[in-house]
Amino acid sequence: FPFDVQHLPLVIAHKTRNANKLMIAIDREKLSDARISEIYPQEWEYLGRKDFAGTFTIDSVFGNPSYKRGEKQAAFSMYEVRLSLKRILSPYINSFFVPLFVLLVIGFLVSALPLNQIDARLALVMTALLSVIVFQMAMSATLPSVGYSMRTDIYFMVSYIFLFLMVGKTLLVNAIFNEGNGDAAFAKKVENYFTYIAIPVAVVWYAGITISAFLVRAAAQLV
């Protein structure tokens, strides 16, 4: 999420009649290739469908005493249609990517404040960090609970890393500066070096996450 592609299978088979009594086949001449234009909720784009027909075997004999130990039922005929959908990304640009980008930029703006304003500098970066936490909690409330990490979790985790480093850097610079009693020139140098390194690293890191997400999305569409 939100780069996911979903393959939705619909399987049709008879409950009791096996392939010896009922065979299900695909009438490919009458299959419709029309696109599905209305999918609710309206955040999905229809990619296509694939149709399969074949047989499957049920391991259980459902307590039938006529079967010997280790025997299985005869194969059942089945038909499966798989619909492929991909999530539309455009609604999440304004609701996810832009707000997260703004919060991260706010955290980096701490470098623009004077070194002697430690309270304002620390309050700015801590506010950005807490805002990201609240933002993730708000987004998680609208998503289903799953047993794996989503792509959005990776974006948030990277934000936490950078903002946590910003807090550590702010405290370090303040300790070096020490309200003018320390080495102000060295403190400013540490501030600048961190900013010049952290911003390109953040851009490259987020670009890598996004590019890999699109590659996985493209591969999922080919399945």
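In the predicted model, Val132 is in contact with Leu100, Leu103, Phe156, Ser159, Tyr160 and Leu163, once neighbours within four places in sequence are left aside. Val132 also belongs to the largest nonpolar core, a set of 31 residues. Those with the most contacts inside this core are Phe96, Leu100, Phe108, Val132, Phe135, Tyr155 and Phe156. At least two residues of the core are supplied by each of α1, α2 (118-140), α3 and α4. The greatest contribution is that of α3, with 8 residues. Another core, of 6 residues, lies apart from this one and includes Leu115, Val173, Phe177 and Val190.

The helices α3 and α4 were examined for their length. For α3, the 27 residues should span 39 Å at 1.5 Å a residue, and the end C-alpha atoms are 39 Å apart, so the expected and computed values agree. The residue that follows α3 is Asn178, which has a positive phi, near 50°. For α4, with 39 residues, the expected span at 1.5 Å a residue is 57 Å; the end C-alpha atoms are 57 Å apart, and the two values therefore agree.

The buried positions of α4 are Ala187, Val190, Glu191, Thr195, Ala198, Ala202, Tyr206, Ile209, Ala213 and Arg217. The packing partners of these buried residues are β1, β3 (76-87), α1, α2 and α3. Val190, one of the buried positions of α4, is also a member of the core of 6 residues. Thr195 is likewise placed in helix α4. Its relative accessible area is 13%, which is under the 20% limit, and Thr195 therefore counts as buried. When residues up to four places away in sequence are not counted, Thr195 touches Ser111 and Pro200.

Two pockets are described next. The largest pocket has a volume of about 330 Å³. Its lining comprises 18 residues, and those nearest the centre of the pocket are Phe1, Phe3, Asp4, Tyr148 and Met150. The elements that give two or more residues to this lining are β1 (5-13) and α4 (184-222). The largest share, 4 residues, comes from α4. By class, the lining of the largest pocket consists of 12 nonpolar, 2 polar and 4 charged residues. Phe1, which lies among the residues nearest the pocket centre, is joined to Pro2 by a cis peptide bond, with omega about 0°. Pro2 itself is located in the segment before β1.

The second largest pocket has a volume of about 260 Å³. It is lined by Phe97, Leu100, Phe101, Leu104, Val105, Phe108, Tyr155, Ser159, Ile199, Ala202, Val203 and Tyr206. At least two of these lining residues are supplied by each of α1 (90-108), α3 (151-177) and α4. Here the largest share, 6 residues, is that of α1. The lining of the second largest pocket divides into 11 nonpolar residues, 1 polar residue and no charged residues.

Several residues link this pocket with the features described above. Leu100, Phe108 and Tyr155 line the second largest pocket and are among the residues with the most contacts inside the largest nonpolar core. Leu100 and Ser159, both in the pocket lining, are also contacts of Val132. From α4, Ala202 and Tyr206 are buried and belong to the lining of the second largest pocket.

How values were computed
Residues are numbered from 1 along each chain as its sequence is written. This is a predicted model: local features need pLDDT of at least 70, side-chain atom pairs count only at pLDDT 80 or more; totals for chains, interfaces and linings use all residues. Side-chain values use heavy atoms; hydrogens and water are left out. On a 1 Å grid over the protein atoms alone, a cavity is a set of points where a 1.4 Å probe fits but cannot get out, and a pocket is an open set with protein on both sides within 12 Å along at least five of seven lines; lining residues have an atom within 4 Å of a point. Grid points are joined across faces, edges and corners, and a volume is the space filled by probe spheres set on the points. Ala, Val, Leu, Ile, Met, Phe, Trp, Tyr, Cys and Pro count as nonpolar, Asp, Glu, Lys and Arg as charged, and the others, Gly among them, as polar. A nonpolar core is a set of buried Ala, Val, Leu, Ile, Met, Phe, Trp, Tyr and Cys residues joined through side-chain atoms within 4.5 Å. Buried means under 20% relative accessible area, exposed over 50%, partly exposed in between (1.4 Å probe, protein chains only). Contact means heavy atoms within 4.5 Å. The expected span of a helix is 1.5 Å times one less than its number of residues.
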